[in-house]
Amino acid sequence: SGAAGSAVNHTFRDNGTYTVSLLIRDNEGAPLLHQFDVTVQNAAPILLPVIVPANAVEGSAVSFSANFTDAGFDFGPAGGTPRETFTYEINWGDGSASTTGIPNVTQLGSIGTPTAGSFSDSHTYADAGSYTVTLSVIDDDGGRADRSLTLNVAGAAPQLVGIPNRTVNEGTPLNVLDLGGFSLGGISDA
């Protein structure tokens, strides 16, 4: 015949395989123990929308910052080594090496509240153009969130540098050799 009971809910802090023990007593108090395994899969972090920096110019650093959340919240005992850890990666889209680092965890998660964090970094583009930048956050179990965006980098106006003041007598030609160098987007020939 059927049994009456109440539903039981539990939220797991992290992925893994857990053995659940269910103890049931009949109306006469006789216990019945039932055990079963629950496999909890890792949920990848969520990378929130990233605002594209305005006014990116070659030769000047451009900064990106991003926020993320993650469903895992197993941070171990107080003062212990956290089990929820994250890394970030930014592919700048210009053929240079990607930047990696450890983001800041800004909110320790709990039941109903995701773990939250942020990261930021900067890069200098040598040439004007349109670049696809990919920001990624990776959790300790390999769960990954990627967000790509297009960055338009404007050209910098060239500037003459190191031109000394000159003095010439009237009626005498000005010698224009070795007037100095130029600087274009932080690259100089002077």
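**Why these names? A walk through a predicted model**

Guide: Let us begin inside, with the largest nonpolar core, where L47, F64, F119, Y125, V133, L135 and L151 are the residues that touch the most other members among a total of 21. Those that give two or more residues to this core are the elements β5 (61–70), β6 (86–91), β10 (129–139) and β11 (144–154). The model is a predicted one, in which local features need pLDDT of at least 70 and side-chain atom pairs count only at pLDDT 80 or more, whereas totals for chains, interfaces and linings use all residues. Residues are numbered from 1 along each chain as its sequence is written, and side-chain values use heavy atoms, with hydrogens and water left out.

Visitor: What makes a set of residues a nonpolar core?

Guide: The members must be buried Ala, Val, Leu, Ile, Met, Phe, Trp, Tyr or Cys residues, joined through side-chain atoms within 4.5 Å. In soluble globular proteins, nonpolar side chains tend to be buried together.

Visitor: Which residues does Y125 touch, if those up to four places away in sequence are not counted?

Guide: Y125 touches E58, G59, S60, V62, W92, D94, Y131, V133, L151 and V153, where touching, or contact, means heavy atoms within 4.5 Å. In the protein, 55% of the contacts with a separation of 6 or more are between residues 24 or more positions apart.

Visitor: Why is D14 called buried?

Guide: A residue is buried when its relative accessible area is under 20%, exposed when it is over 50%, and partly exposed in between (1.4 Å probe, protein chains only). D14 has a relative accessible area of 12%, and therefore D14 counts as buried. D14 is found in the segment before β1, and, leaving aside neighbours within four places in sequence, D14 is in contact with V40, D74, E84, D140 and D141. Across the 190 residues of the protein, 26% count as buried.

Visitor: Is F36 called buried, partly exposed or exposed, and how do you know that?

Guide: The relative accessible area of F36 is 36%, a value between the two limits, so F36 is partly exposed. F36 is found in strand β2, which is hardly covered, with one buried residue among its 10. Beyond its neighbours within four places in sequence, F36 is in contact with Y18, T19 and V20; for Y18, the two C-alpha atoms are 8.4 Å apart, while the residues are 18 apart in sequence.

Visitor: What makes β1 and β2 a pair of strands?

Guide: Strands are DSSP runs of E with at least two residues, helices are runs of H or I with at least four, and both are numbered from the N terminus. Two strands pair if DSSP finds at least two bridges between them; β1 and β2 have 10, in the antiparallel sense, and therefore they pair. T19 stands opposite D37 in β2. Five residues lie between the strands of this hairpin, in which G29 takes a positive phi near 90°.

Visitor: How many helices and strands does the protein have?

Guide: The protein has zero helices and 14 strands.

Visitor: What makes β4 and β7 edge strands?

Guide: Each of them, β4 (56–57) and β7 (99–101), pairs on one side only, in an open sheet of five strands with mixed pairing and the order β4-β11-β10-β6-β7. Two bridges join β4 to β11, and these strands run parallel; V57 has A154 as its bridge partner in β11. A further open sheet has four strands in the order β3-β5-β9-β8, with antiparallel pairing, and its edge strands are β3 (46–47) and β8 (104–107). Within that sheet, 10 bridges join β5 to β9, and A61 stands opposite T124 in β9.

Visitor: Which classes of residue line the largest pocket?

Guide: The lining has six nonpolar, three polar and no charged residues, and its members are V8, N9, H10, F12, V20, S21, L22, F36 and V38. The largest share, three residues, comes from β1.

Conventions
1 Å grid on protein atoms, 1.4 Å probe; cavity = no way out; pocket = protein on both sides within 12 Å on 5 of 7 lines; lining within 4 Å. Nonpolar A, V, L, I, M, F, W, Y, C, P; charged D, E, K, R; others polar.
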